[in-house]
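Reader: I am in my first year and still learning to read a protein model. Could you take me through one part of this one slowly, strand by strand, and then show me what lies on the surface elsewhere?

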Amino acid sequence: AAAAAAAEAEEAEASAARPEDGATMSAVCKALPSSGPMSICDVSHPLSAEELLSPGADATTADGDRDPMLPNGTPVETSSPASSSSLLNRLQLDDELDGETRDLFVTVDDPKKHVSAMETYITYRVGTKTTRNEFDLPEYTVRRRYQDFDWLRIKLEESQPTYIIPPLPEKFVVKGVVDRFSEEFVETRRKALDKFLKRISDHPVLSFNDHFNVFLTAKDLNPYKKQGLAFIAKMGESVKYVTGSYKLRSRPVEFAAMGDYLDMFSQKLGTIDRIAQRIVKEQTEYLVELREYGPIYFSWSAVEEQLNKPLDGASNCIGSCCVALEELSEGMSEDILPVLREYVLYIESMKNVLRKRDQVQAEYEAKLESAACKKEEKQGTPTDVEKCQDRVECFNADLKADWDRWQFNKRQDFRHLLMGMADKNIQYYEKCLAAWESVIPLLQEKSEGKSEDHS
């Protein structure tokens with residue numbers, strides 16, 4: 001009995017000194033990088049990490065606190081970025097990561113002016129690279145003019161009525177630009193057309209549309225354009241019949257909320273767009289004044305021997321401010337105003353889809369009432385009523401999915417827009433501050449010279 005008691009005591013001591021197997025496995029698993037399935041959107045990019053830890057490493061601060069780590073064991077810097085440019089680079093890197101899963105890339109570039117006896121117009125090169133089986137070749141290059149882009153938009157609206165079609169820039173009017181063949185107008189339109197095609201190519205349904213395939217691959221679109229004229233006329237008659245024969249009772253709550261949101265968003269965005277354009281105009285006028293203001297100090301310095309250096313410094317300082325303001329104004333015109341304008345047009349496109357949804361629902365309600373009046377309960381619901389109900393349900397599902405996708409893209413676009421606006425304004429004020437600070441030593445040098453003269 002004594003021997004058995006001694007053996008039990010030794011075993012208890014050994015057990016206390018040895019960690020439990022579960023604890024050991026937990027510690028090992030904690031240090032190992034995660035290899036489970038995870039969406040790339042859920043993984044933050046380690047932008048500020050200077051080095052990667054080994055799988056078994058355990059990062060700890062001087063105070064004994066564990067550094068924050070990603071699921072794969074990578075340490076992350078928690079301090080805020082040194083400048084707004086760091087945040088802008090982070091957004092760009094996120095976009096590059098998202099692009100890794102894409103299989104269709106479309107670009108619009110190389111605008112060219114064509115002059116003929118009948119008309120003058122601009123064409124753009126549309127380049128396509130893809131790995132999709134729907135395309136016969138991996139790369140295509142075609143030239144398209146504005147009316148070709150407009151044809152594509154119309155065909156998408158006809159063939160995919162349940163989806164939100166990205167807007168095209170206005171055909172004739174771009175505010176602030178008079179000559180539609182000027183470099184500024186052409187470049188603004190090229191960027192807008194490029195954005196239009198990229199929106200479509202990134203869409204999970206529109207990018208597989210046959211008309212989009214034809215637009216990207218066919219050397220001549222004219223044969224395809226002629227095929228659709230009769231269908232368009234027929235479609236117009238059908239829409240008139242539906243809208244004229246029955247009035248929708250009321251939109252479902254969720255779609256009524258969409259309409260209310262679009263009305264509010266349109267009002268806010270329209271106001272921002274008008275003010276932004278006014279700011280750009282005022283910046284342009286201020287820039288003209290500054291360009292006249294600086295040379296006055298320079299010419300004055302030539303006749304003021306005692307103030308030569310300070311006046312010359314002030315002239316150079318104002319010149320630097322002119323350059324900084326010109327860059328700020330160009331950034332507003334090229335990067336901010338087009339985004340605002342695109343979403344103003346987007347609102348009209350979305351309202352158009354909502355109206356089409358209402359037409360389909362109105363058709364369903366009309367046929368349902370007609371069937372009730374004929375008292376066909378015994379025969380069951382007529383087939384055409386069931387088909388209309390299916391159309392309404394499909395339309396609702398597609399529109400909801402596209403609405404969520406549009407909201408996500410909107411958040412991303414305005415996140416980029418506001419970050420870029422902040423970055424450009426910070427750079428502008430930093431340059432102006434540095435320019436004016438460069439004048440201070442010249443003024444101090446003159447003050448010290450006067451003190452020595454008096455002594």
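Author: What follows looks at the paired strands and then at two surface patches. Keep in mind that the model is predicted.

Start with strand E1, which covers residues 104–115, and strand E2, which covers residues 120–130. These two strands pair in the antiparallel sense, over ten bridges. The link from E1 to E2 is a hairpin of four residues. To follow the pairing on the structure, pick out two positions. Val115 of the pair stands opposite Thr120 in E2. Phe105 stands opposite Lys129, also in E2.

E2 has a further partner. Strand E3, residues 139–145, pairs with E2 in the antiparallel sense as well, this time over seven bridges. One place to see this is Val126, whose bridge partner in E3 is Val142. As a general point for reading such strands, the side chains of a regular strand alternate between the two faces of the sheet.

One residue of E1 deserves a stop. Asp110 lies in that strand, and its phi is near 50 degrees, a positive value in a residue other than glycine. For background, most residues other than glycine have a negative phi. Is Asp110 buried or exposed? Asp110 is partly exposed, because its relative accessible area is 28%, and the partly exposed class runs from 20% to 50%.

Now leave the strands for the surface patches. Glu282, Glu285, Glu289 and Glu292 gather there in a patch of negative charge. Glu285 has its place in helix H9, which spans residues 253–301. With a relative accessible area of 44%, Glu285 counts as partly exposed. A residue needs over 30% relative accessible area to join a patch, so Glu285, at 44%, passes that cut-off.

The other patch is nonpolar. Trp300, Val303 and Leu307 form this patch on the surface, and together they have about 290 Å² of accessible area. Val303 is found in the loop between H9 and helix H10, the latter being residues 308–373. The relative accessibility of Val303 is 65%, so this residue counts as exposed; the cut-off for that class is over 50%.

To retrace the path on the structure, go from E1 across the hairpin to E2, then from E2 to its partner E3, and finish at the loop that holds Val303.

How values were computed. Residues numbered from 1 in each chain as written. Predicted model: local features only at pLDDT ≥ 70, side-chain atom pairs only at ≥ 80, totals over all residues. Heavy atoms only, no water. Patch = residues over 30% accessible without salt bridge, like charges linked within 9 Å, V, L, I, M, F, W, Y side chains within 5 Å. Areas by Shrake-Rupley, 256 points an atom, 1.4 Å probe, with all protein chains shown as cover. Salt bridge = Lys/Arg side-chain N within 4 Å of Asp/Glu carboxyl O. Lys, Arg positive; Asp, Glu negative; His and termini not counted. Charge placed at Lys NZ, Arg CZ, Asp CG, Glu CD. Buried < 20%, exposed > 50% of the residue type's maximum accessible area, 1.4 Å probe, protein only. Pairing = 2+ DSSP bridges.
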